[in-house]
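Good morning, colleagues. I would ask you to look at the structure on the screen while I discuss one helix and one ligand.

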Amino acid sequence: MLRLTNTLSGTQETFEPMDGTTVRMYTCGPTVYNYVHIGNLRTYIYEDVLRRHLLSKGWKLVHVMNITDIDDKIIKKSIELGVDLRSFTAPYTAAFFEDCATLRIQRPDIITPATEHVPEMIEIVKKLLEEGYAYQESDSIYFRISRFPTYGRLSRLDKRELKIGARIDADEYEKEEPQDFVLWKAPKSENEPRWEAPFGAGRPGWHLECSAMAMKYLGPTLDIHCGAVDNIFPHHDNEIAQSEAATHKPFVRFWLHGEHLLVEGEKMAKSKGNFFTLKDLLERGYDPLAIRYLLISIPYRKQLNFTFDSLAAAAAALDRIKEFFFRLRTARLSAGANPALAGMIAGAREQFEAGLDDDLNTAEALAAIFKLIRESNIALADGLMQEDNRAAILQWFEVVNERLAIVPPTEHLVQDDAEIESLIARRNEARRNRDFAMSDQIRRELLDRGIVIEDTREGTRWRRN
Ligand code: AMP
Ligand code: ZN
């Protein structure tokens, strides 16, 4: 039974798709005015774990993600550079897909840019105008929050804070500014991009795009809408208001919000300049799997403070998995199954599933893996593991990998001694130069190939695992 914390109720609820078979899920995608940072990627990784867990339940999934390829920041930067919107956003969109692939983030079923859905957005604005939920002011169109009695219910805004009649044009603003928000913006200068509409040429505000795209592909009521906590207000409260005012139906059953990745206690953010892109970390020699491991090691609803020490600990955890695999694969075992170990494997499976069912507790799922590794290492050392136990463990690790995508590849073992010697020589040179990042990387590369090294007084020894 899958339990998820629903921001709408503030409590854990049992999740099942509305129609019993197909989960309709929407993810707010990136704003492609820059390279994403690993904070953004933490959010896409928790959504990826969710996606994989939902599929494991046997449900079908339609997962939609938008690409925000028009907003205040994109327009400002593209005008500054004198390029059209598409040429400006295309490289960032491509880089985002590449980062996702590197981090083993599965592609949502539908990924689609805002600028291809302007007609759908215009339809929503027309409806809101007709029913008096929206009004025109200086050629722009605003949503009248006083017409929507439950406005702000997701972020639990106190009604008295509403600034009735005040308007805000910016796509992003603070919780302290609950005002009539802009649905459609009249161009402020000659070179701003614009679309024709019955209520005047202009371009959509940011919030409108997610309502239009979500409802186009998933219908008026979605099962799950996810994002990070900074999306709750104003973005998701505004999505609820405009969607429900347009359809008179509940927009989303489960709202899920991941907590932020922090740096020295502060939110990692492009605007603060305290961010790392995936490329930054790869260039420093870090393994993308270690980055993914780190980002799932703390459950999504808890803040995670990024440090290089924790990244090194994640790499060390992956090394433990690799070392275990070599030991397991190369052990000579007798036929049959040790029932005690079979019981431990079943226990690990159960703990893993129960952890993920408990609001995606990835820390608990990882704990189940390492508990079994400890138990199996003891069984191997004591000669208590048997052939069928090994088969069951290997099979379960395939499931683990399908669900968390953190199991390192360990199949490729090198045979060529000269190549190994030359890698070891390179590592020793790196150590002499005190380039420990490089020497660690080479040690890891050797480990990937099934080579364990030991530094002794007589020099570096190596052996095949
Ligand atoms: P943006 O491109 O700014 O719209 O961000 C893309 C996604 O990343 C949104 O869901 C944000 O809420 C999320 N996000 C931004 N900063 C962080 C962070 N430091 N940690 C986790 N998620 C974040
Ligand atoms: Zn959105």
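Helices are DSSP runs of H or I with at least four residues, and strands are runs of E with at least two, both numbered from the N terminus. This is a predicted model, in which local features need pLDDT of at least 70 and side-chain atom pairs pLDDT 80 or more, while totals for chains, interfaces and linings use all residues. Residues are numbered from 1 along each chain as its sequence is written, chains are lettered from A and ligands numbered from 1 in the order written, and side-chain values use heavy atoms, without hydrogens and water.

Just after H12, Ala405 has a positive phi of about 55°. H12 itself spans residues 387-404. Which residues of H12 are buried, that is, under 20% relative accessible area with a 1.4 Å probe and protein chains only? They are Asn389, Arg390, Ile393, Trp396, Phe397, Val400, Arg403 and Leu404. Down the axis of H12, these residues fall within an arc of 140°, taken from the directions from axis to C-beta atoms, so they line one face. They pack against helices including H1 (38-56) and H11 (362-381), contact meaning heavy atoms within 4.5 Å. The face turned away carries Gln395, Glu398 and Glu402, which are exposed (over 50%).

I turn to ligand 1. A nitrogen atom of ligand 1 is 2.7 Å from a side-chain N or O atom of Thr43. Backbone N or O atoms of Gly39 and Met268 lie 3.1 Å and 2.8 Å, respectively, from a nitrogen atom of the ligand. The protein covers 92% of the 490 Å² of accessible area that ligand 1 has on its own (Shrake-Rupley method, 1.4 Å probe).

Methods
The expected span of a helix is 1.5 Å times one less than its number of residues. A polar contact is a pair of N or O atoms within 3.5 Å; within protein, one must be able to donate a hydrogen and the other to accept it, and residues adjacent in sequence count only if both atoms are side-chain atoms.
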